[in-house]
Amino acid sequence: MENIGIGLLLMVVGMCTVFLILLIVIWLSQFLISVVNKIAPEEAPKKKPVSSGSSTDAGAMDAIKAAVDILTAGKGQVIKIEKLK
């Protein structure tokens, strides 16, 4: 019975050690991400002119742009619109 107790104690100590090491890895990675974002922030992408097809009217194009802008929180852009068959 003594061996089972030692085995369980080793298992608990090992699991706690792994848990703490994983927490340290998570904290260090979050710290590294915040440091990198402060030093070299992501550049805003330049908006390309939107090419519209000849069959797309201006009202529909504006509605599609507005919907994409709302859904992507301003990060998406409409590049090409084509009708699927």
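Here are a few short exercises, with worked solutions, on the predicted model shown above.

**Exercise 1. Work out what the secondary structure comes to, and how much of the protein is buried.**

Solution. Start with the elements: the protein has two helices and zero strands. Next, look at burial. Of the 85 residues, buried ones make up 5%. Then turn to the surface: the protein exposes about 8,000 Å², and carbon and sulfur atoms supply 70% of that.

**Exercise 2. Check whether the span of helix α2 agrees with its number of residues.**

Solution. Helix α2 covers residues 58–71, which is 14 residues. The expected span takes 1.5 Å times one less than the number of residues. For α2 that should come to 20 Å. Now take the end C-alpha atoms: they sit 20 Å apart, so the two values agree.

**Exercise 3. Look past α2 and find the residue with a positive phi.**

Solution. Go to the segment after α2, where you'll find Ala-73. Its phi is positive, at about 55 degrees, although Ala-73 is not a glycine. Is Ala-73 buried or exposed? Its relative accessible area is 67%. Exposed means over 50%, so Ala-73 counts as exposed.

**Exercise 4. Search the whole structure for salt bridges and describe what turns up.**

Solution. The search gives one salt bridge. Its partners are Lys-80 and Glu-82, with their closest N and O atoms 3.4 Å apart. The cut-off is within 4 Å, and the pair meets it at 3.4 Å. As for their surroundings, both Lys-80 and Glu-82 are exposed.

**Exercise 5. Say which residues make the nonpolar surface patch of about 690 Å², then place Ile-4.**

Solution. The patch is made by Met-1, Ile-4, Leu-8, Met-11, Val-12 and Met-15. Pick out Ile-4: it belongs to helix α1, residues 2–39. With a relative accessible area of 52%, Ile-4 is exposed. A handy rule for reading the patch: an α-helix has 3.6 residues a turn, so residues three or four places apart point the same way.

Note on methods. Residues numbered from 1 in each chain as written. Predicted model: local features only at pLDDT ≥ 70, side-chain atom pairs only at ≥ 80, totals over all residues. Heavy atoms only, no water. Helix = DSSP H or I, 4+ residues; strand = E, 2+ residues; numbered from the N terminus. Salt bridge = Lys/Arg side-chain N within 4 Å of Asp/Glu carboxyl O. Buried < 20%, exposed > 50% of the residue type's maximum accessible area, 1.4 Å probe, protein only. Patch = residues over 30% accessible without salt bridge, like charges linked within 9 Å, V, L, I, M, F, W, Y side chains within 5 Å. Areas by Shrake-Rupley, 256 points an atom, 1.4 Å probe, with all protein chains shown as cover.
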